[in-house]
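Open your viewer and get ready to click around. Each stop below tells you what to select and what you'll find there.

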Amino acid sequence: MSAPNAGTIGNRPLPEYRQPTRRNTEALLLAVAIAVGTFALISVDLALYNQILTSTFVTVAVMSALLAGAHIVVRFTIPFADPVMLPVVAALNILGVAMIHRLDLAEQIRTERAGGTAPTPDLPSQLTWTAVGVALFIAVVLVVRDHRRLQRFTYTSLFVGLVLLVLPLMPVIGTTVNGATLWIRAAGFSFQPAELAKIALTIFFAGYLVVTRDSLALVRTKFLGLEFPRGRDLGPLIVAWLISLAVLVFQRDLGTSLLFFGLFVSLLYVATQRRSWLILGALLFILGATLSYYAFGHVRIRVQVWIDPFADAADNGFQIVQSLYGLANGGLLGAGLGQGYPQLVPFAKTDFIMAAFGEELGLAGVMAILVLYAILVERGMRTGIACRDAFGTLLATGLSIVLALQVFVVIGGVTRLIPLTGLTTPFLSYGGSSLVANWMVLGLLMRMSHAARTPDPVLIPVNRPVEASA
Amino acid sequence: MTRQIRRLSAVLLVMLTALLINVSVIQVWLAPGYRNASGNQRVLLEEYSRERGPILLGNTPIARSIPTNDQLKYLRKYSSGELFASATGFYSLVYGATGIERTENSVLSGSDDRFFVDRLQQLFAGRQPRGGAVQLTLNPKAQKAAFDGLAGRTGAVVAINPTTGAILALVSSPSFDPNRLSSHDPADIRSYYDTLTADPAKPLQNRPLAMTLPPGSAFKLVTTAAALENGYTPSSVIPGPASLKLPNSSRELRNWTGKGCGPGDKTTLANALAVSCNTAFAWLGIKLGADVLRSKAEEFGFNDSFAVPLRAAISRFPPGLDPAQTAMAAIGQFDVTATALQMAMVGAGAANNGMVMSPYLVQEVLGPDLAVLETATPARYNTALSPENAAALVKMMVGVVENGTGSNAQIPGVAVGGKTGTAQTAPGRPPHAWFVGIAPAISSQVAVAVVLENGGGAAEISGNRLAAPIARAVMAAVLAP
């Protein structure tokens, strides 16, 4: 009686173990996502025009082609990547497209009634940006063959990130929209560089913390019974805090500011495994928030509107009040696609797209969308845990946290859980920069997921101790 | 690092839960309050997708909502659009609602608080709330007679039941087709609306209520009422010369006949009214004084606004008149203006023993299940005349029709009272032709006022020639069995 040999059984070789790639699962889920999106588009058309519009056929065809392309690239280059992420993103993207189409039609109907000519629909532009996003997703998957190489670009990323953040302040190309200076405009396109900056800065934070985490973690001083980092180690945290404040001061972009700071503090905590960073971060956040409340009128207005939007319902509170009315109109199950009045909420296609979903798909729809985000974030965090290198762990976790924070900040703002800040809803909102940047994030996450889940090239024989049977 | 990531995930889960709880609170708990908030436009838009209640005459709908296949689920249809347009108004996507459609909107749309129970039932049944019905006081035959009588000429007719104040006819001419303004075709609504607003006759004006015009000699009814209440009798003899020099003025007022109104330039009050003697009433006006005239006018409803529930313009008897102006005001000129509704109320006050009733257009409000929720209760507006003086005035009005200027209002077998009026407007423009009539003289059933804007020839006869036949037709329609 002999223990079974790991490599062979008797003279025969062990049957080759194949890690499942789950690509067919992905394909199936993608089909489901496309089907859901198609139903959404059709119900919009039927509700508003009683017929299926040509644009819907085009949209479904384009989205299907793009997603099929993404799927094929994944299948052949990163076959072990997480099978759920791409379908979740696909569902969000196509739902966003359906809602943008619905709001396009609302504008069209309104202008037809007013006797004017309908404005150019945003649907083609959103489809184009989706195509660019998918193309860049593929590019990321193909170019970043090993995510660990990104660590080399730690400081380059910092530089790129800062340049991107500063771009909107440049005289010629920078544009101020709705009081926030976060746009650049060139050659007829406008772009929000902060969306790309968040990728660059996440790479920087991850690379930086991998190198410095030991000194940050181990050298401590005690204060009030808690261990705190030394003053000189506080430098990076202070720098991140100042960058966030600078974004707030110079670009009046509350959301991005919050995003970066939350990201850095979370990553510090993960990297150093010290809770004291969270406490310090929270204190700095409270300090920054208090300072900016007293220093900046626009922050004060946001907070006042948050506390009582109805006090100023015609002016500053208008957006949030309209958003609440929309959500109320939706109720439990929603008015139905095409049957509410989401066009009454300003910026329904961008910041307030969740109000539109809340109105037409109801609480049920909002919950479904939130759960989609939760799945995406959870899969991202899981990729972080599964990564075999610290840089990968930090990068995947960081990217997931950015996504989670962004969703929380914008949806919390739209639903008056927290003061309104002004960020796009990832994958749903109209807007090229957000869409492209988030597709690139997905590319990185899936590339890392593939790396984490790929079985080792050489199967290492494992000798399990086998209990002797009687 | 795994443990930290798990903890962070837990924090994110808490944040997600906070979002879910918050949005649940908004969409379920707070939603009813938000839905009914006053600034919520959705309420208005929602109206267009509900079945709107009908506007009824008796049990016959003159406006109702029929289901359609387009996005706005119901289309408003007016069965005799032009005929009743001045009462129903329109219900337009582009231009909002007017008339009863606007004033009774909460009933018709179903948002009225009295429908709470019904709304609740509909909610549980998963159906859209329904609208209630509004029944009008209009008499279809009288309305038709008035509309046909005006025959598209610029003018207005109001008929009132003197004992209740119920409006029996309310016609504005030229009229418009509310169907076209209430359609679902914005381009057509717009072009039709533009046509209507470009029309010099202003068809969208609700003339019987909104158009204030000098009443001319028809106002002599008010002056007569003031005289009767101040010691004069129908047989009082007053001066009626061919012309009267106005005090403190170089102007002379002439009779339209160019002659005196009686032997020796004197006339009885009754005869002065019958022949519409300008100089006699101007003299009376000066004698009675501006304040007496104005307060009598106000007892009939001048200088006050009415909501029937459509809002009527204020008829004016201006304050601070000097004697010359008072003389002109006494014959319905100078700055005295009145709506057709106001002049009908003058006739109705005389016919109802001196009691002026508040005019109203809505007879009943019915719930979605056609249960009667509210019935109009006639209300006294004011007492303008004692019953004796009212009877005297009515008798004098009968004299106008039987032996005076109002001969065209005669109905065989019925004692009809009335007063003509021909109001001068701008020089070179034809005068307004008025007629105020009541029938029958005893236990009157109808008081009517007819005005044709810039309708007639130069002479006093145009009130009789143009307006009296319409008044007769309307009165005959009301009296017809």
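Select B:Asn353 to begin: its place is in the loop between helix H17 (340-351) and strand S15 (355-357) of chain B. Helices and strands here are DSSP runs (helices are H or I with at least four residues, strands are E with at least two), numbered from the N terminus. B:Asn353 is not a glycine, yet its phi is positive, about 55°. Is B:Asn353 buried, exposed or partly exposed? It counts as partly exposed because it has 18 C-beta neighbours inside 10 Å. The scale works like this: a residue is buried if 20 or more other C-beta atoms lie within 10 Å of its own, exposed if 12 or fewer, and partly exposed in between, with C-beta atoms placed from the backbone.

Before moving on, know that this is a predicted model, where local features need pLDDT of at least 70 and side-chain atom pairs count only at pLDDT 80 or more, while totals for chains, interfaces and linings use all residues. Residues are numbered from 1 along each chain as its sequence is written, and chains are lettered from A and ligands numbered from 1 in the order in which they are written.

**Stop two: a similar oddity in chain A**

Now pick A:Gln273, in the loop between H8 and helix H9 (276-295) of chain A. A:Gln273 isn't a glycine either, but has a positive phi of about 60°. With 16 C-beta neighbours inside 10 Å, A:Gln273 counts as partly exposed.

**Stop three: all of chain B**

Colour chain B by secondary structure and you'll have 19 helices and 21 strands to look at. Of the 481 residues of chain B, 55% count as buried. Two residues are in contact if their C-beta atoms, placed from the backbone, lie within 7 Å. Take the chain B contacts between residues at least 6 apart in sequence: 69% of them join residues at least 24 apart.

**Stop four: an open sheet**

Which strands make up the open sheet of six in chain B? Select them in the order S3-S2-S1-S6-S16-S17; the pairing is mixed. (Two strands pair if DSSP finds at least two bridges between them.) At the edges sit strand S3 (74-78) and strand S17 (372-375) of chain B, each pairing on one side only. From one strand to the next, the twist averages 25°.

Zoom in on strand S1 (residues 55-57) and strand S6 (residues 133-136) of chain B, which pair in the parallel sense over three bridges. There, B:Leu57 stands opposite B:Leu136 in S6(B).

**Stop five: strand S7**

Next, select strand S7 (residues 155-160) of chain B: six of its six residues are buried. In a regular strand the side chains alternate between the two faces of the sheet. Turn on the side chains here: B:Gly155, B:Val157 and B:Ala159 point one way from S7(B), and B:Ala156, B:Val158 and B:Ile160 the other way.

Add S8(B), which runs antiparallel to S7(B) and is joined to it by six bridges. The bridge partner of B:Ile160 in S8(B) is B:Ile167. S7(B) and S8(B) form a hairpin with six residues between them, and B:Gly165 in the turn has a positive phi of about 95°.

Then add S21(B): six bridges join it to S7(B), again antiparallel. B:Ile160 stands opposite B:Ala447 in S21(B).

**Stop six: two cis prolines**

Click B:Pro174, in the loop between strand S8 (167-173) and helix H9 (178-181) of chain B. The peptide bond from B:Ser173 to B:Pro174 is cis, with omega near 0°.

Jump to B:Pro440, in the loop between strand S20 (432-439) and strand S21 (446-452) of chain B. A cis peptide bond joins B:Ala439 and B:Pro440, with omega about -20°.

**Stop seven: where the chains meet**

Show both chains. The contact takes 41 residues from chain A and 35 residues from chain B. On the side of chain A that touches chain B, the largest share, 12 residues, comes from H12(A).

**Last stop: confidence**

Colour chain A by pLDDT, the predictor's confidence in each residue, from 0 to 100. Chain A averages 85, and 85% of the residues score at least 70. Confidence in chain A is lowest in strand S4 (residues 180-186), at a mean of 62, and highest in helix H2 (residues 54-77), at 96.

Methods: Axes are lines fitted to C-alpha atoms, for helices over the stretch in contact, and angles run from 0 to 180 degrees between N-to-C directions.
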